[in-house]
Amino acid sequence: MTTPPAAHRFRFTVQYDGAGFFGWQLQPDRRTVQGELERVLSRLFDAPTRVIGSGRTDRGVHARGQVAAVDGPAKWEATTLERAMNALLPPDVRVIETALAPSRFHPRYGAVARTYQYRVGTAAESQSPFEAPWCWALGKEPDLRLLRTAARELLGDNSFLAFAKAGQEERGDRCIVEHADWSQWSDLGLEFHITANRFLHHMVRYLVGTQIAIGLGERDPADLRGLLASAPELRTSPPAPPQGLFLLSVSYS
């Protein structure tokens, strides 16, 4: 019996423009980020290869700092693998950092926090073809003071069931939000940043959609606290569109 060649676990950070993908996760007959990475790595390793991601991003959502891992032959060095992957990947996906990782490293289960950014275009320039694909070109000016007050309601350990398109029965609906705030985005509009230990399906988009409605005076600011308390008479506002959302980073202990 021959001994199989030793393998390394590689950890890498991926950036992608989500417009051309049906999200991160593999789907039959759909173009996904995971699928593109596995196609390239299977070719480089000359064997079927599975990539593990830190989490899923939905169709149309972008990433500046998605983290993934793969097991590959020990003959590969991290820097060489990164160059080879980028030579074969399509232009809307790029690996920006690759390193060896411990064999026990798991991008999803080892993550302690994730940070998302959402951009809302309030100026007319945000509707430019050079800006609109990466923001919600709202064209209106919400009250930043109201938005920042609403964001503070999200801090701490809360149930975000009202802001989830689908629940996660095995993990519940509680998330611990470490940071949430709004700020100016250049002269084009506003940015929302949020960091939490975990996120539910479509959670950030529902949070943004509801906060923007508050900032525009379309709903009572007290609604946010009621939604966090799962008040039965309240519903979230429609979710913000996916193209304004970016996975910025994933943190590990």
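This is a dialogue on reading a predicted model of one protein chain.

Visitor: Where should I begin, and how many helices and strands does the chain have?
Guide: A reader can begin with the secondary structure, which in this predicted model comes to five helices and ten strands.

Visitor: What does the radius of gyration say about the chain?
Guide: The idea is to set the value beside the one for a compact globule; with 253 residues such a globule would have a radius of gyration near 18 Å, and the chain has 20 Å, which agrees. Taken along the principal axes, the C-alpha atoms fill a box of roughly 70 × 40 × 30 Å.

Visitor: What share of the residues counts as buried?
Guide: A residue counts as buried when its relative accessible area is under 20%, and 50% of the 253 residues of the chain meet that description. As for the surface, the chain exposes about 12,700 Å², of which carbon and sulfur atoms supply 51%.

Visitor: Which share of the contacts joins residues at least 24 apart?
Guide: Here one takes contacts between residues at least 6 apart in sequence, and of these 71% join residues at least 24 apart. Histidine 62 offers a case, since its C-alpha atom and that of glycine 244 are separated by 8.1 Å, although the two residues are 182 residues apart along the chain.

Visitor: Where is histidine 62 found, and is it buried or exposed?
Guide: Histidine 62 is found in strand 3, which covers residues 62-73, and it is buried, with a relative accessible area of 1%. Leaving aside neighbours within four places in sequence, the contacts of histidine 62 include Tyr16, Asp17, Pro133, Trp134, Leu245 and Phe246.

Visitor: Why does glutamate 36 count as buried?
Guide: The reasoning compares a value with the cut-off: glutamate 36 has 13% relative accessibility, and buried means under 20%, so glutamate 36 counts as buried. This residue is found in helix 1, residues 33-45, and its side chain makes a polar contact of 2.8 Å with the side chain of arginine 39. Not counting residues up to four places away in sequence, glutamate 36 touches Phe21, Arg31, Leu89 and Pro90.

Visitor: What does the side chain of threonine 122 make a polar contact with?
Guide: The partner is the side chain of glutamate 141, at 3.3 Å. Threonine 122 has its place in the loop between strand 5 (111-121) and strand 6 (136-137), and with a relative accessible area of 12% it is buried. Beyond residues up to four places away in sequence, threonine 122 touches several others, among them Gly139, Pro142, Leu188 and Leu190.

Key: Residues numbered from 1 in each chain as written. Predicted model: local features only at pLDDT ≥ 70, side-chain atom pairs only at ≥ 80, totals over all residues. Heavy atoms only, no water. Helix = DSSP H or I, 4+ residues; strand = E, 2+ residues; numbered from the N terminus. Rg over C-alpha atoms; globule rule 2.2 N^0.38 Å. Buried < 20%, exposed > 50% of the residue type's maximum accessible area, 1.4 Å probe, protein only. Contact = heavy atoms within 4.5 Å. Areas by Shrake-Rupley, 256 points an atom, 1.4 Å probe, with all protein chains shown as cover. Polar contact = N/O pair within 3.5 Å; in protein donor to acceptor, adjacent residues only side chain to side chain.
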